[in-house]
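Visitor: I should like a close look at the open and enclosed spaces of this protein. Please begin with the part that is open to the outside and then proceed to the interior.

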Amino acid sequence: MSGFAAQIREINFDGIIGPSHNYAGLSLGNLASTRNAGAVSQPRAAALQGLDKIRANLALGLAQGVFVPQPRPARTWLGELGTTIETADAELAANAMSASSMWAANAATVSPTPDTVDGKCHLTVANLRTMPHRSHEWPATLAQLKVAFAHDGFAVHGPVPPAFGDEGAANHMRLAATHGQPGIELFVYGVAGGPYPARQHLEASRAVARLHRLNPARTFFIEQSEEAIAAGAFHNDVVAVANGPVLFAHEKAFARRDEVAELCARNEFELVEVADAEVPLADAIKSYLFNAQLVTLPTDEMTLVVPSEARETASVWAWLQRHLASNGAIRRVEVVDVRQSMANGGGPACLRLRVACDPAAVDPRFLVDDARLDRLGEVIGRHWPVEIDVADLQRPSLIAAVEEARAALLDALELGELASG
């Protein structure tokens with residue numbers, strides 16, 4: 001095993017919630033986004049909540065990184081449409097001011113060194129072509145990935161052609177005895193979702209698997225259930241999450257649940273399944289029980305980092321308490337407050353991209369400790385808007401404040417080369 005592979009550790013890269021964070025209700029199929037459309041957002045509080053989550057993970061002994069917000073408004077995209085933020089209609093302007101890149105789980109799909117034929121850690125940026133407000137994210141995301149993972153132990157790929165929708169790690173899971181050992185990779189795709197679009201296409205998942213040079217015998221394509229998509233599980237990570245040798249999923253997550261159970265059993269992995277009779281699908285989606293971070297602590301305790309909404313949903317909290325009392329696979333539950341993100345349909349898992357790699361190979365400007373978080377908190381406290389009403393998204397003073405805030409953050413992280421993307 002190479003030195004690069006021998007030093008593998010999982011790093012969670014959280015998206016810093018951007019200064020244009022707002023509730024424009026742009027995401028069809030995301031029930032929280034639709035429900036809160038038009039509400040007044042709190043970008044400063046949102047970003048500080050995100051930093052608090054990162055800090056809590058550091059306190060648990062986890063490795064943490066960050067991705068920076070993208071340029072907003074998306075002036076290049078608007079130019080391609082023949083308009084500007086000043087002259088665009090309100091709906092187009094809202095799409096250009098979206099802060100949705102904060103959900104780093106959609107940034108890319110990641111396959112670590114032990115799974116790939118060439119021994120590199122592969123990352124493919126997601127095209128996010130289904131929703132207009134996310135479709136313009138990939139160029140800036142790709143630029144960021146190329147800086148963060150410039151070491152020759154990584155292979156960073158451009159997006160799958162937009163004929164096939166790809167939404168990144170939110171529809172990808174990996175099971176392995178440990179992060180540094182060979183595992184199996186599960187790509188979850190949709191075919192139909194009732195009134196809502198299935199965002200992850202099978203052909204996109206197959207393309208990513210080929211680009212990552214995965215062993216076909218250890219690569220599996222699993223259909224998400226139409227019922228789950230129709231209920232508001234717009235990404236697989238709303239109803240299922242994997243970590244190490246454990247797959248934690250709702251009973252109605254997959255179209256053919258028996259095949260998933262057999263796959264886990266055949267490969268000696270554990271399926272922890274939550275019955276619909278105990279936690280109805282609607283409660284699982286409302287609370288984001290599965291859009292939690294399932295992590296392994298340095299003590300080897302499997303820990304679930306859940307949003308505070310999970311504690312406030314009776315069926316969910318009762319299930320978690322029963323599971324903990326049974327000495328099940330999940331040994332510990334931590335609660336975090338990410339209400340501003342949750343109100344737009346993104347829980348703890350949405351906010352991070354997991355990369356299993358040697359931390360020494362990552363550009364250190366993207367890695368954080370408490371001191372760096374303090375510095376970022378100071379920048380956010382000085383520059384992030386306190387509130388944003390969607391009616392004000394084209395207000396010149398707000399646009400200037402958003403652009404100045406991002407510039408101040410890049411300066412604090414010494415990432416000036418990302419100023420334009």
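**The pockets and the cavities**

Guide: In this predicted model, helix H4 (75–80), helix H7 and helix H16 (396–413) each supply at least two residues of the lining of the largest pocket. The space in that pocket amounts to about 510 Å³. Its lining consists of 31 residues, and Pro71, Arg72, Ala74, Arg75 and Thr76 are the closest to the centre of the pocket. Sorted by class, the lining of the largest pocket comprises 16 nonpolar, ten polar and five charged residues.

Helix H7 merits separate attention. This helix spans residues 138–148, and its buried residues are Ala140, Thr141, Leu142, Gln144, Leu145, Val147 and Ala148. The cover over the buried residues of H7 includes four strands: E2 (63–67), E3 (108–111), E4 (121–125) and E5 (154–157). H7 thus has buried residues covered in part by strands, and H7 also supplies at least two residues to the lining of the largest pocket.

The second largest pocket holds about 340 Å³ of space. Lining this pocket are 18 residues, with His179, Thr296, Leu297, Pro298 and Asp300 nearest its centre. Strand E1, made up of residues 9–15, gives the most to this lining, namely three residues. The classes represented around the second largest pocket are eight nonpolar, six polar and four charged residues.

From the pockets one may turn to the enclosed spaces. Rolling a probe the size of a water molecule over the atoms shows where empty space is left. Across the whole structure, a search finds five cavities of 30 Å³ or more. The largest cavity has a volume of about 390 Å³. Around the largest cavity stand 26 lining residues; nearest its centre lie His172, Met173, Arg174, Ala242 and Arg354.

Three strands, E6 (172–175), E9 (240–243) and E15 (352–357), each supply at least two residues of the lining of the largest cavity. Among the contributors, E15 gives the most, with five residues. As to class, 15 nonpolar, six polar and five charged residues make up the lining of the largest cavity.

In summary, helices H4, H7 and H16 each supply at least two residues to the lining of the largest pocket, whereas strands E6, E9 and E15 each do so for the largest cavity.

Notes:
Residues are numbered from 1 along each chain as its sequence is written. This is a predicted model: local features need pLDDT of at least 70, side-chain atom pairs count only at pLDDT 80 or more; totals for chains, interfaces and linings use all residues. Side-chain values use heavy atoms; hydrogens and water are left out. On a 1 Å grid over the protein atoms alone, a cavity is a set of points where a 1.4 Å probe fits but cannot get out, and a pocket is an open set with protein on both sides within 12 Å along at least five of seven lines; lining residues have an atom within 4 Å of a point. Grid points are joined across faces, edges and corners, and a volume is the space filled by probe spheres set on the points. Ala, Val, Leu, Ile, Met, Phe, Trp, Tyr, Cys and Pro count as nonpolar, Asp, Glu, Lys and Arg as charged, and the others, Gly among them, as polar. Buried means under 20% relative accessible area, exposed over 50%, partly exposed in between (1.4 Å probe, protein chains only). Contact means heavy atoms within 4.5 Å.
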